[in-house]
Amino acid sequence: MPPKENRIGYRRNGKKQACEPCRKGKLACDHGAPFCGRCVRRKTIAKCIYHPAPMTRKTAIISPQQNSSVSTDQSGQLQSLQSMGTSHPPPFQSPAELLPETPSRKGQNGAIAPESPAIQKSVIKRDIFSTWKPKAGWSDMIFRRSARYYGPTSFAAIFSEHQEDLLDIGEDIRKHPGAWPFGVPLLGRERPNGPTARTKQTVKALLNIPSREVCEMLLANFDSIRETSLNPVMVSHCITSLWSTFEAELSGPREEEPMARIADVLFENEETPLAPSPDDPTEWMNTFTGSNIRFEMMGMLFCFFGLGFMSLQDWDPVFKATENDGRDRKQTAWRMKECAGVCLKMCDDSETVNYLVTALIQSLKRLETGCTGDDTYSIRRLHGDLITTSITSGLHRLPDYATSKVTAASEYKRRLFCAIYCNDKTHASLNGTPPLLTRLFCDVQPCLDLPSEATFLPEDELTLELNKLDVNGWKKSDRSDNTYYSATILRIKVQVCTIREEILELALGVNVDGSETRINDLHRRSFEMYQAIPPQLQYYTAGKIPKGSTGGLLFEQSHILLQYLQNEFLIDRVAIARGFANGQGLLDTAMEMIDISMMFWIKRDQLMRFSHSFDWIITYYGIPSAGVICIELLKDAVGQSSIQFSRSDGIQKLTLFIAFLEWVRPTDGNYTLAQRLRKVVRRVLDHILEPSQKEVRDEAGNEVPLDPMLAPFNEMDDLDWLNTIDWTQGSWMDFN
């Protein structure tokens with residue numbers, strides 16, 4: 001019989017240990033006390049013992065020629081009973097085992113305690129990889145695989161829908177990322193997923209962790225980043241726990257040996273899938289921070305550092321610091337992007353898939369677009385990875401609010417998926433490609449209108465915050481209340497994007513009903529949606545006069561208006577493509593869009609902390625509206641325009657727009673694209689203001705009217721690119 005006190009111990013990585021039957025059978029244990037649920041169901045409670053020291057046997061040294069292994073490592077991971085029978089690299093030690101002996105950094109609660117600075121400074125700097133060898137038997141070790149979402153049509157659905165033990169197909173397992181399951185790899189020991197290569201890459205990335213002072217400075221500037229995947233409470237907690245746990249390694253100069261110790265913790269933690277999310281906020285964050293730090297969270301920290309650097313001005317003193325090695329704003333952000341990419345690669349090597357990996361890809365995509373712009377093939381591939389990972393981790397089918405408890409973890413996941421859903425519509429609109437997430441297959445539930453820190457409050461205080469919401473999840477407030485949260489903005493974006501999804505269906509779909517009635521209905525619902533948003537976030541007063549807001553409120557009001565106007569813009573495009581004349585509506589919307597876009601430059605002194613987003617605003621909103629105005633000016637120049645249009649007003653707007661384009665900095669991601677557009681707009685204005693006297697005639701000598709869509713302006717190298725943004729006529733508009 002088991003002892004009266006069947007206490008559950010903890011493994012070295014802080015996770016609860018499994019009972020002996022589950023451990024030996026490689027089964028998931030629910031850690032129930034005094035007996036786990038699996039043993040109760042199987043009526044084997046007599047064997048359900050949480051052994052205080054299950055790994056007491058000495059690990060055997062396994063040679064490459066041996067075909068079997070019965071040993072287990074100290075972290076409780078099971079090794080396979082038979083090796084792959086292939087030649088593996090000779091066994092070697094981990095980098096930490098090569099370092100001089102230091103007092104244990106494990107505290108009573110399993111947390112890693114900091115070493116004294118004196119001990120840290122006594123470490124001799126040397127090439128730790130010249131004699132470094134991994135632990136014995138690493139090539140034959142097996143680990144649990146990350147949980148994945150499987151729908152009712154999946155191959156294992158029949159088995160998983162029934163809980164009988166006879167139908168339990170068990171857990172999926174994986175081998176060590178550096179193993180040779182298919183024989184000797186092409187690159188041999190130099191393969192990028194080998195133990196030595198992985199540790200070298202990780203150490204190189206960790207060497208770029210900013211100093212404590214820089215971390216605190218970036219945290220103080222968090223409001224300028226505006227990235228849903230990077231929750232301020234979560235990031236702040238992670239940075240604090242990182243420094244408290246690894247203070248000895250991080251307080252001194254960045255050297256390989258201290259970083260190798262941090263890398264060891266990361267590699268140990270990747271052996272176990274991310275634990276289920278506890279209800280308590282602090283317990284939840286502790287599952288992937290501190291001594292439990294994981295590659296996915298470390299990568300998110302690098303993304304935060306990179307976005308923080310991008311939000312600064314080019315002349316900020318941080319870029320002159322010695323530790324920055326002379327890199328400018330974009331170069332510094334790109335280095336952080338590279339480090340985050342290393343962390344993502346480590347996750348890929350170990351087949352780690354969870355909501356944190358999804359958040360890492362989301363923040364990495366945001367950082368990369370800030371460095372390289374939005375029109376790159378790399379971004380398109382990264383977007384595909386983002387969608388695949390979000391679906392694999394089950395974010396597209398989260399539980400309803402009515403059937404689940406609101407916790408910090410559940411609300412973070414919901415906000416994350418809302419942001420990904422909106423990002424997908426933005427990506428599809430920008431590139432003219434089909435959206436990959438649709439409401440037909442995804443349960444898109446708007447997040448709650450709560451401040452970011454509310455879900456991290458104690459349960460009773462969170463309940464009070466939830467009582468302040470109406471039945472639709474909006475905060476109850478009167479019109480005099482100008483308070484709004486990041487969740488408020490996200491909820492509005494979700495509403496905009498649900499309409500955008502239907503617009504994209506009409507614009508990009510095949511054999512889709514695009515009747516005039518449906519298009520008019522889209523216009524109506526889009527207008528009603530904008531009128532129903534919280535009044536403090538509307539740009540105009542009742543008389544359509546700008547409210548005169550400043551700072552962050554002005555930025556959010558104008559950005560929301562631009563998103564609404566773009567929906568109207570795209571609906572008019574679809575109407576024209578379907579043969580429903582609405583050129584006047586398209587031009588009027590374009591004129592308003594370019595006015596709002598230029599407002600960011602005109603009031604740049606008030607919006608300077610958001611200046612890192614200006615090039616994106618030009619790309620996404622300015623280019624389409626400027627293209628329509630250019631085309632109408634060219635038509636008007638040859639008397640082909642039938643639309644009410646002020647030629648003077650159009651020329652003035654484009655002149656100011658050129659000044660905005662010239663203001664875009666070389667360190668902005670879309671700088672090159674902005675300069676291409678500047679050249680085109682300037683040449684269009686030159687052509688309008690100084691028309692050529694040369695007449696265009698056909699072979700018979702008859703004068704041919706100018707077709708601005710096909711005009712062979714030989715002197716305009718980039719005018720052909722302008723045709724790609726003409727959304728008023730031509731075969732390009734024939735969607736079907």
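Biologist: What phi does G579 take, just after α20?
Modeller: A positive one, about 90 degrees. Bear in mind that this is a predicted model.

Biologist: And α20 itself, how many residues does it have?
Modeller: It has 27, running over residues 551–577. From first C-alpha to last, α20 reaches 39 Å. That is close to the 39 Å expected at 1.5 Å a residue.

Biologist: Is α20 mostly covered or mostly open?
Modeller: Mostly covered. Of its 27 residues, 26 are buried.

Biologist: Let's switch to the cores. Which residues touch the most other members in the largest nonpolar core?
Modeller: W284, M298 and F305. That core holds 87 residues. Helix α12 gives the most to this core, with twelve residues.

Biologist: What does F305 touch, leaving out residues up to four places away in sequence?
Modeller: P210, C215, L218, I239 and M336.

Biologist: What other core lies apart from the largest one?
Modeller: One of 73 residues. Among them are F555, L587, A590 and M599.

Biologist: Back to backbone angles. Which residue in the loop between α7 and α8 has a positive phi?
Modeller: R226, with phi near 55 degrees, and R226 is not a glycine. The loop sits between α7 (212–220) and α8 (232–245).

Biologist: How exposed is R226?
Modeller: Partly exposed. Its relative accessible area is 28%.

Biologist: Where is E351, and what is its phi?
Modeller: E351 is in the loop between α13 (329–349) and α14 (355–372). Its phi is near 55 degrees, again positive in a residue other than glycine.

Biologist: What relative accessible area does E351 have?
Modeller: It has 34%, so E351 counts as partly exposed.

Biologist: Now confidence. What is the mean pLDDT of the protein?
Modeller: The mean is 81. Of the residues, 78% reach 70 or more.

Biologist: Which elements have the lowest and highest mean pLDDT?
Modeller: Helix α4, residues 117–121, has the lowest, at 35. Helix α12, residues 295–310, has the highest, at 97. Helix α12 is also the one that gives the most to the largest core.

Biologist: Where does pLDDT stay under 50?
Modeller: Over residues 57–125, for one. The model has 154 contacts beyond four places in sequence for that stretch. Residues 704–736 also stay under 50. For residues 704–736 the model has 71 such contacts beyond four places in sequence.

Key:
Residues are numbered from 1 along each chain as its sequence is written. This is a predicted model: local features need pLDDT of at least 70, side-chain atom pairs count only at pLDDT 80 or more; totals for chains, interfaces and linings use all residues. Side-chain values use heavy atoms; hydrogens and water are left out. Helices (H or I, at least four residues) and strands (E, at least two) are DSSP runs, numbered from the N terminus. The expected span of a helix is 1.5 Å times one less than its number of residues. Buried means under 20% relative accessible area, exposed over 50%, partly exposed in between (1.4 Å probe, protein chains only). pLDDT is the predictor's confidence in each residue, from 0 to 100. Contact means heavy atoms within 4.5 Å. A nonpolar core is a set of buried Ala, Val, Leu, Ile, Met, Phe, Trp, Tyr and Cys residues joined through side-chain atoms within 4.5 Å.
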